[in-house]
Amino acid sequence: MKRIKLIPLFCAAAVSALTMTGCGDKISADNSADASITEESQDMNTERQFTANEETVKLLGRTYFADGKLYCALSGTGAEFTFTGTKCTVTVDGDPNSGNPTAADNQARVGIYVNGERVIDDMVDNTQEIYDVFESDTPQEVTVSIMKLSESPMSTIAISGISVTGSEIKPTPDKDLLIEFIGDSITCGYGVDDPDKDHHFVTATEDVTKAYAYKTAQALNADHSMVSFSGYGIISGYTTNDIKVVAQTVPKFYTKLGYSWTKNGSFSPADIDWDFSKRQPDVIVINLGTNDDSYTKNETERQEEYQAAYVEFLKTIREKNPDAKILCTLGIMGDRLFDYVYLAVEAYTQETGDTNISAMKFDPQSPNDGYSADWHPSVTTHDKAAEKLAAEIKSLIG
């Protein structure tokens, strides 16, 4: 177990003097004020322990609380809370990969933010990590966000404890808009921190906050939820040998908490049904087809199979999210299948009468904007995609 300690943020204290007079009433008032100040000072010096659950924190994305821990698997999952005080420490438990040096390329990457600034960026390479995320010499009102930056198949984490010196912690308020993003490696931010297209996947260079989806949510001041897995599609995962990879399809896991190769104790996200009675997304963005295209290629029969499966997936999404606007997108890493996305939307609308759905083609990435690992989008490409998507969503929600 390593303990990561943040450099303390010392702030000047504002001191005000109490004026004493000979008036009895004034002395009584001052004594009352002194007692109030003393009580408040004691509160600010009290160390408090909390578990991360829906009563104490805002839940980011699809999370699961069990055994006193908040489990996080999918990209962008985590917790957010506010408090007033002088110190905050967060404890994160890893999964079996976390204590295994040979699994370093698949360990979880975690970011922790204080008032919107990332103060911790760490690979969970121990079974337990203790992060000192905030320290000040005077009480401050602080917002703390804990977020899993890497995706779920390779790793999961659990937020097992929050300690603050100061007030009780409380969830930050929900934003007016919640957007769910259903996607693949592009949504996960695959390799975005590695500007070498000839390098390959490692979780250390994956950062969902630098990908178009998260950036779109930020641009619209929206809450986010990601359901995304690198290499996954609608009828096939990424393939190089013309064989359909049916195991790597998003629809089979959409109704689950997520998917991971290994368990974290008894926690296995694929075994947990997602509770769709929780807060419903206002907008759902689907960006799936890049990996299917490695299988369908230019073969019409396979492309039509993709289209038909897309329609069935839309029915599932609508069943679980009856009021959400659905936006179907494709194109950042190639737009060959986009016509079949569009046809799927038309076929779905004709069959169901549901018109609360539309399609948008992304601009394909340009060599002039560079690439990330394995030819994935660069930060510049993600920025451009987020700008286009945010404008489209604005037009949809009015």
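## Aspartate 207 and its partner

In this predicted model, aspartate 207 has a relative accessibility of 0% and therefore counts as buried. The side chain of aspartate 207 meets that of arginine 118 in a salt bridge, with an N to O distance of 2.9 Å. Arginine 118 belongs to strand E8 (residues 117-123), while aspartate 207 sits in the loop between H2 and H3, so the salt bridge ties together parts that are 89 residues apart in sequence. Unlike its buried partner, arginine 118 is partly exposed, at a relative accessible area of 25%.

## Arginine 109 and the salt-bridge network

Arginine 109 pairs with aspartate 193 in a further salt bridge, in which the closest N and O atoms are 2.7 Å apart. This pair also links distant parts of the chain: arginine 109 is in strand E7 (residues 109-114), aspartate 193 is in the loop between helix H2 (185-188) and H3, and 84 residues separate them. Here the arginine is the buried partner, with 6% relative accessibility, whereas aspartate 193 is partly exposed at 28%.

Both pairs belong to a network of salt bridges that links Arg109, Arg118, Asp121, Asp193, Asp207 and Lys210. Across the whole structure, a search finds 25 salt bridges.

## Arginine 302 and aspartate 242

Another salt bridge joins arginine 302 to aspartate 242, the closest N and O atoms lying 2.8 Å apart. Arginine 302 is in helix H5 (residues 300-320) and aspartate 242 is in the loop between E13 and strand E14 (283-287); the pair links distant parts of the chain, 60 residues apart. Arginine 302 has a relative accessible area of 15% and is buried, since the cut-off for that class is under 20%. Aspartate 242, at 33%, counts as partly exposed.

## The largest pocket

The largest pocket has a volume of about 750 Å³. Its lining comprises 35 residues, and those nearest the centre are Lys58, Leu59, Leu60, Gly61 and Asp223. Two or more lining residues come from each of strand E3 (58-60), strand E9 (128-148), strand E12 (178-183), helix H3 (212-219) and strand E13 (223-228). By class, the lining holds 13 nonpolar, 11 polar and 11 charged residues.

## The second largest pocket

The volume of the second largest pocket is about 420 Å³. Of its 18 lining residues, Tyr238, Asn291, Met333, Asp374 and His376 are the closest to the centre. The lining of this pocket is made up of 7 nonpolar, 9 polar and 2 charged residues.

Note on methods. Residues numbered from 1 in each chain as written. Predicted model: local features only at pLDDT ≥ 70, side-chain atom pairs only at ≥ 80, totals over all residues. Heavy atoms only, no water. 1 Å grid on protein atoms, 1.4 Å probe; cavity = no way out; pocket = protein on both sides within 12 Å on 5 of 7 lines; lining within 4 Å. Points joined across faces, edges and corners; volume = space filled by probe spheres on them. Helix = DSSP H or I, 4+ residues; strand = E, 2+ residues; numbered from the N terminus. Nonpolar A, V, L, I, M, F, W, Y, C, P; charged D, E, K, R; others polar. Salt bridge = Lys/Arg side-chain N within 4 Å of Asp/Glu carboxyl O. Buried < 20%, exposed > 50% of the residue type's maximum accessible area, 1.4 Å probe, protein only.
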